[in-house]
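Here is a set of short exercises to work through with the model open beside you. Try each task before reading its solution.

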Amino acid sequence: MSVSRLLSRRVCALPRSLLASHRQWLSTATNEDDLDTLPFNEMVLTFADKAADIVTHSLVDEDTSSMSRDRKEQKVKGILAFIKPCNATIQFTFPVHMDDGRMAVVEAWRSQHSHHRTPCKGGLRYSLDVNEGEVKALAMLMTYKCAMVDVPFGGAKAGVKIDPKKHSVTELERITRRLTMEFAKKGFIGPGLDVPAPDMGTGPREMSWIADTYAMTHGYADLNAYACVTGKPIQQGGIHGRMSATGRGVFYSVNNFINDAEVCSKIDLPPGIPGKTFIVQGFGNVGLHSCRYLHRAGGKLVGVMEVDGSIINYEQGIDPKELEDYRNENGSIVGFPGAKPTEENLLTASCDILVPAAGEMQITAEVAKKIQAKVVAEGANGPTTIAAERILHDRNILVLPDMFANAGGVTVSYFEWLKNLNHVSYGRLTWKYEEDSNYFLLGSVQKSLEAKFSGGKPNTIPIVPSPEFSQRISGVSEKDIVNSGLEYTINRSSKQIMKALQDYSLGLDLRTAAYVCALKKIYDVYKEAGITFS
C-alpha cells in the first residue's frame with residue numbers, strides 16, 4: 001500500500017487518538033494560569049503543534065507528485081501527526097543491595113520518541129523529580145534538537161528516580177550497572193539501537209560503568225560495543241571537548257544572534273558580547289561552561305543562582321574560574337569572597353543576557369513580566385513556560401530555545417559516537433603530515449624571498465610565524481576539530497533559523513522557527529523512505 005493511501009486511511013487516526021487528550025486540554029487552556037502550569041510533555045507537544053500548523057501548507061506546496069491537493073494535505077498532516085507521539089516507552093523496577101544491607105527498589109524509565117533515524121540518542125538523569133511524562137517530553141525534545149542541528153539520531157531519554165547525593169559511589173555503581181542490564185534485556189541500548197549520554201545527576205563516571213557493563217555482557221562480541229554510550233572518560237573512548245560542549249554551544253548560539261545587527265535592533269541592544277552583563281541560573285556543567293566562554297568573549301558575569309543561595313557583583317563582576325575553584329573546594333558558591341550574597345530572584349535582576357541552566361519551567365508568567373534581560377539563552381531543557389514565552393515575545397525579549405541553544409552536547413556526542421565506530425581519534429592520522437606541510441610552506445616562502453632579494457644566500461630573510469599560526473603549526477588536535485565542528489554546526493543552524501524567521505514571518509519567535517526547521521527535516525525522511533510494514 002502506498003504511503004499516501006496508508007496515511008489517508010489509517011495513520012492519521014492513530015496519532016489523533018493518542019493526542020486527543022492533549023488537544024482537548026489545550027482547547028480549554030485560554031488563560032495565563034492554565035498555560036503556565038501546562039506539564040512539560042504537553043508544552044513540547046504544543047510547540048510542535050504550532051510549528052506543524054505553520055509548515056503544513058508549504059509542505060503541501062512543495063509536493064510535486066500527481067496527487068490531488070486534498071490527498072497531499074492528508075499525507076502531510078498524517079506524517080506530521082505520526083511524528084509527535086513517542087514510539088516506545090518502558091518502565092523498569094529492579095532491586096539493588098544498599099551498603100547497609102537493605103534491598104532498595106529502583107524505578108526508572110526510558111523513552112524512544114522517534115526511529116526515523118537510528119540509533120536513538122538521549123541523556124540519562126538521576127533525580128527524584130523524574131517521572132514518565134518528563135522522560136517522554138525530553139525524548140520528544142531530543143528528536144527535534146537532533147534534527148535542528150543535523151545530527152542523524154532519533155530522540156530518547158532515560159530517568160532514574162533517585163537522589164544521587166544520598167547514595168555512595170558503590171551504590172551508584174550497582175544501580176547504574178543493573179540499569180544497563182535492564183536496558184540491554186529490553187533492547188534499549190546498543191551502538192546501533194539506543195545510545196545514552198550524561199544528564200542531570202550523571203557524568204563520565206556513570207557512562208564508563210554503562211560502557212563497561214555492556215561491553216562485558218551483551219556486547220562482548222561487538223567490536224563497536226563502547227559506542228553504546230557517549231560522554232565517557234577519554235580513556236574509555238570519550239572525546240576531548242565533550243564536557244564543555246553544551247555550555248560552549250550556548251555561547252555560540254548567543255554569539256550568532258547577538259552579533260546580528262537586525263536582531264539587536266529589534267531588542268534594542270547594541271551588537272556584540274563585549275561589555276554585556278549576564279546572569280546564570282545553575283552553576284553545574286552547562287552553567288559553568290556558559291560562564292567561561294561568555295566571560296572570555298568579553299561578557300561580565302554579575303550574578304549566579306544556585307539551589308542553596310545566590311551571589312552578585314555588579315561592580316567588578318565575578319570571575320568564573322575563581323568561582324569554580326571556590327565551589328570545588330567548599331561544595332557551594334555561598335560565601336564566595338568575590339561576590340556578595342543576595343535574596344533577590346536573579347531571574348528578574350538587571351542584566352543583558354540571562355542563561356537559565358537549571359531545571360524545567362523556571363521562567364513562569366509572573367517571572368517573565370519582570371525579566372530585565374534582553375536575551376534569554378536556554379541552557380536547560382524547557383525552562384520557559386508557554387505563558388511566559390508569550391509575554392517575553394510581547395516584550396521583545398529574544399529567547400534562544402533549548403532545542404538549539406543547548407544542542408552542543410548531542411552534537412559532540414555524535415562526534416564521539418563516530419570516533420568509537422572509526423576506532424581512531426580525530427587528528428591522529430594527519431597531525432604529523434600537517435606539521436611537516438606547514439614547515440615546508442614557511443621554508444618555501446623563505447627560499448623564494450631569499451632568491452629574489454639576497455641572491456639566494458640562505459638564512460638571510462628569516463620567516464617568523466605569527467602567534468596565531470604558531471599555535472596551529474603542529475597540526476590540528478582532536479579538541480580543535482571538535483570545537484570547530486561544533487561552532488560550524490551551531491552557525492549553520494542559526495542561519496537556518498534566521499531563514500525560517502523570514503520565510504514564515506515569525507518575528508523573533510526563534511522557538512517556532514526551530515521547530516519548523518526540525519519538523520521539515522523529519523518529514524522529509526518519512527516522505528522519502530515511507531513507513532515500514534504498514
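A residue is called buried when its relative accessible area is under 20%, exposed when that area is over 50%, and partly exposed in between. Keep in mind throughout that this is a predicted model.

**Exercise 1. Decide how strand 6 is placed in the structure, and find which way its side chains point.**

Step 1. Locate strand 6, which covers residues 277-281.

Step 2. Sort its residues by direction: Thr 277, Ile 279 and Gln 281 point one way, while Phe 278 and Val 280 point the other way.

Step 3. Apply the cut-off given above. The residues on both sides are all buried.

Step 4. Draw the conclusion: 5 of the 5 residues of strand 6 are buried, so the strand is largely enclosed by the rest of the structure.

**Exercise 2. Identify the strands that strand 6 is joined to, and follow the chain to strand 7.**

Step 1. Begin with strand 7 (residues 300-306): 5 bridges join strand 6 to it, and the two run parallel. As an example, Val 280 has Val 304 as its bridge partner in strand 7.

Step 2. Trace the connection. From strand 6 the chain passes through helix 11 (residues 285-296) to reach strand 7, and this β-α-β crossover is right-handed.

Step 3. Turn to strand 10 (residues 353-356), which is joined to strand 6 by 4 bridges, again with the strands running parallel. Here Ile 279 has Leu 354 as its bridge partner.

**Exercise 3. Work out the strand order of the open sheet and say which helices lie across its strands.**

Step 1. Write down the order: 5 strands form this open sheet as 1-2-4-3-5, with mixed pairing.

Step 2. Mark the edges. Strand 1 (88-97) and strand 5 (194-198) each pair on one side only. From one strand to the next, the twist averages 25°.

Step 3. Look at one pairing in detail: strand 2 (residues 103-112) and strand 4 (residues 154-160) run antiparallel and are joined by 5 bridges. Ala 108 finds its bridge partner in strand 4 at Val 160.

Step 4. Add the helices. Helix 6 (residues 132-148) lies across strand 1, strand 2, strand 3 (120-126) and strand 4, at about 150° to strand 4. Helix 7 (residues 169-185) also lies across strand 1, strand 2, strand 3 and strand 4, at about 140° to strand 1.

Step 5. Check the loop between strand 2 and strand 3, where you will find Pro 119. The peptide bond leading from Thr 118 to Pro 119 is cis, with omega near 5°.

**Exercise 4. Characterise two of the aromatic pairs and describe the surroundings of their rings.**

Step 1. Take stock: the structure holds 12 aromatic pairs.

Step 2. Examine Phe 82 and Tyr 526, whose centres are 5.3 Å apart with 80° between the planes, an edge-to-face pair. This pair links distant parts of the chain, since Phe 82 belongs to helix 5 (residues 69-83) and Tyr 526 to helix 20 (residues 510-529), 444 residues apart.

Step 3. Compare accessibility. Phe 82, at 23%, counts as partly exposed, whereas Tyr 526, at 10%, is buried.

Step 4. Move to Tyr 326 and Phe 336, also edge-to-face, at 5.7 Å centre to centre and 65° between the planes. Tyr 326 is in helix 12 (residues 320-330), and Phe 336 is in the loop between helix 12 and strand 9 (340-342). With 5% relative accessibility, Phe 336 counts as buried.

Step 5. Finish with charges over rings. The charged end of Arg 110 sits over the ring of Phe 183, 6.0 Å from its centre, and Arg 511 lies over the face of Phe 47 at 4.7 Å from the ring centre.

**Exercise 5. Describe two non-glycine residues that have a positive phi.**

Step 1. Met 361 has a phi of about 55° and is placed in the loop between strand 10 and helix 13 (365-368). Its relative accessibility is 26%, so Met 361 counts as partly exposed.

Step 2. His 423 has a phi of about 60° and lies in the loop between helix 16 (408-422) and helix 17 (431-453). At 46% relative accessibility, His 423 counts as partly exposed.

Definitions and conventions:
Residues numbered from 1 in each chain as written. Predicted model: local features only at pLDDT ≥ 70, side-chain atom pairs only at ≥ 80, totals over all residues. Heavy atoms only, no water. Pairing = 2+ DSSP bridges. Axes fitted to C-alpha atoms, helices over the stretch in contact; angles between N-to-C directions. Contact = heavy atoms within 4.5 Å. Buried < 20%, exposed > 50% of the residue type's maximum accessible area, 1.4 Å probe, protein only. Right-handed = clockwise from strand over helix to strand, strands pointing away. Phe/Tyr/Trp six-rings, centres within 6.5 Å; stacked < 30°, edge-to-face > 60°. Lys NZ or Arg CZ within 6 Å of the ring centre and 35° of its normal.
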